Amino acid sequence: MTDALVIGAGPAGLMAAEEMARGGLSVLVAEQKPSVARKFLMAGKSGLNLTKDEPAETFRAQFPAWMHPMLADFGPAGVMDWARCLGQEVFTGSSGRVFPRAMKGSPLLRAWLTRLDGLGVRIETRWRWTGAGFDTPGGPRRLEAPVQVLAMGGASWSRLGSDGAWAARLGVPVAPFQPANMGVLRTWSAHMAPHLGQPIKGARIRAGDLEARGEFVLSARGLEGGGIYAVSRALRDGAPLILDLLPDRSAADIAARLAGKGSIGNRLRKVGLSPAATALVQEVARPLPDGAALAALLKALPVPHDGPRPLDEAISVAGGIRAEALGPGLELIDRPGTFACGEMLDWEAPTGGYLLTGCLATGRWAGRAALRVRG
């Protein structure tokens with residue numbers, strides 16, 4: 001018996017556990033993997049993007065309306081204060097993205113786990129939820145708790161713990177999982193081999209009604225990177241991928257620079273395209289036109305692809321527990337006393353600090369609502 005049970009030890013689950021423990025509840029966190037917050041630590045390997053420092057209304061516009069109260073309660077400023085209280089000073093990059101000074105996630109996680117331990121939160125690893133109880137190293141276990149918070153993640157990066165298996169066991173309305181913040185697949189010709197792994201910087205990337213200015217990478221299996229992720233929702237829905245490779249120059253200026261003698265490849269380099277960008281143009285648009293038509297092509301280059309990367313390779317997912325299955329405190333309507341948070345819920349937001357803030361905010365909201373019910 002425990003006052004509160006949290007299933008899943010990612011950022012959302014740990015935040016819910018902290019809120020309930022601060023309210024005086026005895027809290028047990030059950031995690032199916034051998035260690036906690038594996039996806040959080042993986043995200044921090046290349047720089048842990050905690051949140052985005054921008055006006056509140058701009059930030060919340062990246063999320064569905066039903067999440068706005070949660071983000072008003074705990075948004076970018078709250079996340080930055082939370083990190084500082086754990087001894088992790090933060091800084092804001094030129095794009096507004098916020099990182100801990102240490103860049104990695106491990107120092108912040110260590111400090112957080114120490115604080116949770118001081119609050120009496122108990123964490124059990126290798127406990128896999130079966131729907132009726134847990135498979136544990138010591139055999140099957142059942143655990144009674146007046147309130148439960150579910151924080152089992154979505155269905156991407158299953159090796160880190162988010163396998164989506166809970167969807168078939170929970171018995172509530174779940175929107176089908178789809179990849180989000182993912183790259184797209186493409187089979188390249190041998191001509192592209194020297195350029196794979198190379199970034200293309202400063203492009204304007206469009207798909208449907210979404211547009212981003214950023215960088216992407218020509219990977220062995222297609223295109224990926226922040227610029228592609230920002231329009232991935234539209235790409236997943238079938239919108240064509242269009243690139244402006246020279247967004248700071250007009251078509252007329254490009255046409256003037258293309259004029260003259262020399263091979264097409266040399267003239268493309270003359271207008272400022274990198275070798276990788278030049279190779280991409282030749283890969284997807286041969287035979288190339290000349291003059292004004294080529295300039296127009298560089299401003300709106302269609303890039304055919306083979307669809308999104310597989311669900312398990314996506315940074316995050318769309319789909320999950322539908323909003324109509326939840327009360328205002330993220331309590332499951334059909335399971336009173338059980339709350340859900342994080343990527344289990346049906347929402348998606350672009351990378352750039354939005355994802356982690358959304359997980360922390362929903363975990364905090366669910367933990368506080370569960371505390372009120374238990375109280």
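Start by selecting Pro11, Leu14, Met15, Glu18 and Arg22 in H1, then add Leu109, Trp112, Leu113, Arg115 and Leu116 in H6: these two sets meet, contact being heavy atoms within 4.5 Å. The residues of this contact split into seven nonpolar, no polar and three charged (Ala, Val, Leu, Ile, Met, Phe, Trp, Tyr, Cys and Pro count as nonpolar, Asp, Glu, Lys and Arg as charged, and the others, Gly among them, as polar).

Before moving on: this is a predicted model, where local features need pLDDT of at least 70, side-chain atom pairs count only at pLDDT 80 or more, and totals for chains, interfaces and linings use all residues. Numbering runs from 1 along each chain as its sequence is written, and side-chain values use heavy atoms, with hydrogens and water left out.

Now show H1 (residues 11-22) and H6 (residues 106-118) as cartoons; helices are DSSP runs of H or I, at least four residues, and strands are runs of E, at least two, numbered from the N terminus. The axes of H1 and H6 are 10 Å apart, at an angle of about 30° (lines fitted to C-alpha atoms over the stretch in contact, with angles from 0 to 180 degrees between N-to-C directions). H1 and H6 are therefore roughly parallel (under 35 degrees; over 145 is roughly antiparallel, 65 to 115 roughly perpendicular, the rest oblique). Their crossing is left-handed, meaning that the near helix is turned anticlockwise from the far one by less than a right angle; clockwise would be right-handed.

Next, pick H10 (residues 251-258) and H13 (residues 291-299), with an angle of about 125° and axes 8 Å apart. That pair is therefore oblique, and the crossing is right-handed. Select Ala251, Ile254, Ala255 and Leu258 in H10 to see them meet H13 residues including Gly291, Leu294 and Leu298.

Which residues have the most contacts inside the largest nonpolar core? Highlight Val27, Trp82 and Ile321, in a core of 76 residues. Such a core is a set of buried Ala, Val, Leu, Ile, Met, Phe, Trp, Tyr and Cys residues joined through side-chain atoms within 4.5 Å (buried is under 20% relative accessible area, exposed over 50%, partly exposed in between, with a 1.4 Å probe and protein chains only). Its largest share, nine residues, comes from helix H14 (residues 354-374). Apart from this core lies another, of 39 residues, Val184, Leu245, Ile254 and Leu288 among them.

Last stop: His195, in the loop between strand S12 (184-185) and strand S13 (199-207). His195 is buried, at 17% relative accessible area. Leaving out residues up to four places away in sequence, His195 touches Leu218, Pro275, Ala276 and Ala279.
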